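Colleague: I would like to learn how to read a few features of a model such as this one, going from the general idea to the particular case. Could we take them one at a time?

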Amino acid sequence: MKYFYSAAVLFALISGGAQAQQVPVRSGDHPRFTRLTMPLETGQNWRAERTEREIRIILPQASEGFDTSSVFSRISQSRIATVAGDGGVLKLQIACDCDAAAFRNSGLLVIDIAERGTPLAGQVIAEGTGTPAPPDRTTAKKTFRTESSLPWIGRTSPFIDLVESPSTERTNVNSDREDTPSDRTAILNQVREDLTERVATAASSGLLESSMQVPEVSPVSQENNTRRNTLEPRELPEAIKSPSLNMRITSSMDLPIRFGDSVGEITARGVSCPADGFLALEDWGDDQSFSAQLGPKRDALMDSRDHLNSGAAEDLAKLYLYFGFGAEALSSLQLDPEVASAHPELLTVGHILEYGKAPSFNPLAPYTDCDSDVALWATLSLQDIPTGTLIDTDAALRAVNNLPKHLRQIVAPALSAKLLTYGDADAAASAMRSVERIPEPPTPEAIMAQAEIAMDAGESASRLLEEVIETNTEQSPEALVELVKSKLAKDEPLPYEMATLVEAYAQELRGTEMGNKLRRTQIIALSQSQHFDEAFKALAALEPSLSPQANKDLRNTVLNQLSTKANDLNFLEHIFAQTDATLADLPNKTKLMLAARLMDLGFGAQVQSMIASIPDRPRTAERQLLAARAAIQLQQPFQAQAALIGIEDPRVPLLLAQAKEMVGDYREAYEILIENNATDQALQAAWLSDDWRDLTPPDTPEFGPVAVMAQPPQPDNDPLVGPLGRADRALEESAAARTTLEQLLNDPTVQMTPES
């Protein structure tokens, strides 16, 4: 324990000395935002203020100012124009119409700046306001402990040395106060928690060593084995000696694994990067053949007494990694557990080459934005890139270009996929160009990566995907899935043979994750090729193994295709086979598509039932128009008029006029139709109204002459015309009326005959 306290004193001196130095400001660029970070002590106050073009970060304790010398070596000036420190104030001039957020994260103060509307990890700083630091739980906890009185500890107590330690001051205890048993129990529990936390912290940071003797794994001679036979005191870990100013270790989670003795730059997260060449795989082999290099490495594994040489095991693992053999490298490292534990980075690279991702414990994850070759392997080690991760794409691209050709063909496509996920399509394309320069034909992995880049850019990748499918390699099933998805997205026809190929791959890979994905893709391919009977049959067989959401998504896709591609008979057969609960659970967009198809086929009652499951708020034109059409077909004019209230659409007047005609309001229907240039329908409405004589123009075909004939006769006051003349005129008018009525009844548009 004395070793612990002397180390704690040393650590306090280091922390105290760091306070008097400038606070380093680190930077990093993400495709969607720019990030600045600076160390922030636990309990240290800070505040962020914003004007239109300036952000001010106030750290009262930073009396010596800020070190901003390396800020623009890692970022451009597209978002941040200048960075300057003035005492305890850091001023950022903004060069764009951007949002900014500031927040504390793992001992760092983080400032993110991005174009407006980009989601940020912290709370956005509003203009003209300040963002105060949130209350520090650690500070509150320390205050509570300061106010508490220490428990009584007798001379026989094992804690007496702790109380009377010369390196600490004796705490004055109020002897007049009589603590109750419950008070003493609470205080003892607090002391126990304190000691447990401090001992765990000391052990995790290397300040304490276990005295337990670990038995040797195998008897190895002292002169030929590099393994330690006894536990030797270790130096303090590099994280404590890190040049990062104001670094403070509070738990084992804050202690990054250090590799080697040399320390490189500091990442935006405040972690020291390994030195250059730390993971330079290109230096772990040469131009000789694999067998020529492998033989000497394997011969060096055992000495004349069959004792393992740990250094030779490490060299053999590196050679396997140089040639891209991940599984063999992992087996070599497992020959000596101490080699594996001493070189976790080799284990991680082996897992990346063999499985495409790091193991559950990933020591390379913090180094994605290091300006060295470790950025490549740190990026590849991430299965999913967390939000806010910064990647030094230039360093990763330099590292992949330095790899030998055979290893570059393996690593470059994987890096391209990661950079696409990261959001940097240009860097992903650059990674693939490093493979395109190789004279050998591209591998299926490389072609697949090129296809992903093309699809990300919105271009057609069908030719590339078909080329991968024809190779019949491990990438072929994934390429088949992507091809079906692209055909579906562009609504392009899919041959039935491709759906059969999907089924064949699904059968071959049954029981695997890819096999399950192919089963779902098979259903989509069958619907895209218009084989709906087989699609619904395959969906029914797969439904018990699907989650409710996956089943819903698949059925929605098939029904979408059914509504647009199936013939009328096939559509009706499958739509009426669906239950009401299934249809009600579909997205509203799919319901409207199905309802529109049913309406065109004359199934108004079914349309009303489907429309009822779609919320009427907010009122959408598509829903209300379908509701009005169904109501008109079912002779419900008032319901149709109610559905059209407040809807603005060119189709509304015609539907509204139909509803008016159904209730006998032909004159209003005529006016609506005339205003919307529906002349033929307007004339029919005029003919049916009570005012048909006035509303029908004389030049209207069929109805015009009848309207003129039906006008009241004008009084004949001509004195020159006698009774016989008026009789002749009446006969002429009668003959003209008979002719007009015969023409009307014989007109095919009226579809009437004199006999009817």
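**Disulfides, buried polar residues and helix packing**

Modeller: The structure holds two disulfides, and since we are looking at a predicted model, every value I quote is computed from its coordinates.

Colleague: What is a disulfide in general, and which cysteines form one with sulfur atoms 1.7 Å apart?

Modeller: A disulfide is a covalent bond that links the sulfur atoms of two cysteines. In this structure Cys96 and Cys98 form such a pair, with 1.7 Å between their sulfur atoms, and both cysteines are buried. The torsion about their S-S bond is about -105°, so this disulfide is left-handed.

Colleague: Which cysteine is joined to Cys273, and where in the chain do the two partners lie?

Modeller: Cys273 is joined to Cys370, with an S to S distance of 2.0 Å, and because the torsion about the S-S bond is about -90°, this disulfide is left-handed. The pair links distant parts of the chain, 97 residues apart: Cys273 sits in the loop between helix 5 (238-241) and helix 6 (290-299), whereas Cys370 sits in the loop between helix 10 (344-355) and helix 11 (374-380). Cys273 and Cys370 are both buried. When the bonded cysteines of the protein are numbered in sequence order, the pairing reads 1-2, 3-4.

Colleague: Let us turn to single residues; is Asp99 buried or exposed, and which side chain does the side chain of Asp99 meet in a polar contact of 2.7 Å?

Modeller: The idea is to read accessibility against a cut-off, under 20% relative accessible area being buried. Asp99 has a relative accessible area of 14% and therefore counts as buried, and its place is in strand 9, which covers residues 98-105. The side chain of Asp99 makes a polar contact of 2.7 Å with that of Arg116. Leaving aside neighbours within four places in sequence, Asp99 is in contact with several residues, among them Arg50, Asp112, Arg116, Leu120 and Val124.

Colleague: How would you read Gln293 in helix 6, and what does its side chain reach at 2.8 Å?

Modeller: Gln293 counts as buried because its relative accessibility is 8%, and its side chain reaches the backbone oxygen of Gln288 at 2.8 Å. Apart from neighbours within four places in sequence, the contacts of Gln293 are with Gly285, Asp286, Gln288, Leu319 and Phe323. Of these, Leu319 is 26 residues from Gln293 in sequence, with 8.0 Å between the two C-alpha atoms.

Colleague: How are two packed helices described, and at what angle do helix 8 and helix 10 pack?

Modeller: One gives the angle between the two axes and the distance between them. Helix 8 (residues 326-333) and helix 10 pack at an angle of about 150°, their axes being 7 Å apart, and that makes them roughly antiparallel. The crossing of helix 8 past helix 10 is left-handed. Contributors to this contact include Gly326, Ala327, Leu330 and Leu333 from helix 8, and Gly350, His351 and Tyr355 from helix 10.

Colleague: How far apart are the axes of helix 14 and helix 15, and which residues make the contact?

Modeller: The axes of helix 14 (residues 425-436) and helix 15 (residues 444-456) are 10 Å apart, at an angle of about 150°, and these helices are therefore roughly antiparallel to each other. The contact is made by Ala425, Ala428, Ala429, Met432, Val435 and Glu436 of helix 14, together with Ala446, Ala449, Gln450, Ile453 and Asp456 of helix 15. Helix 14 passes helix 15 in a left-handed crossing.

Technical notes: Residues numbered from 1 in each chain as written. Predicted model: local features only at pLDDT ≥ 70, side-chain atom pairs only at ≥ 80, totals over all residues. Heavy atoms only, no water. Disulfide = S-S within 2.5 Å. Buried < 20%, exposed > 50% of the residue type's maximum accessible area, 1.4 Å probe, protein only. Helix = DSSP H or I, 4+ residues; strand = E, 2+ residues; numbered from the N terminus. Contact = heavy atoms within 4.5 Å. Polar contact = N/O pair within 3.5 Å; in protein donor to acceptor, adjacent residues only side chain to side chain. Axes fitted to C-alpha atoms, helices over the stretch in contact; angles between N-to-C directions. Parallel < 35°, antiparallel > 145°, perpendicular 65-115°, else oblique. Left-handed = near helix turned anticlockwise from the far one by under 90°.
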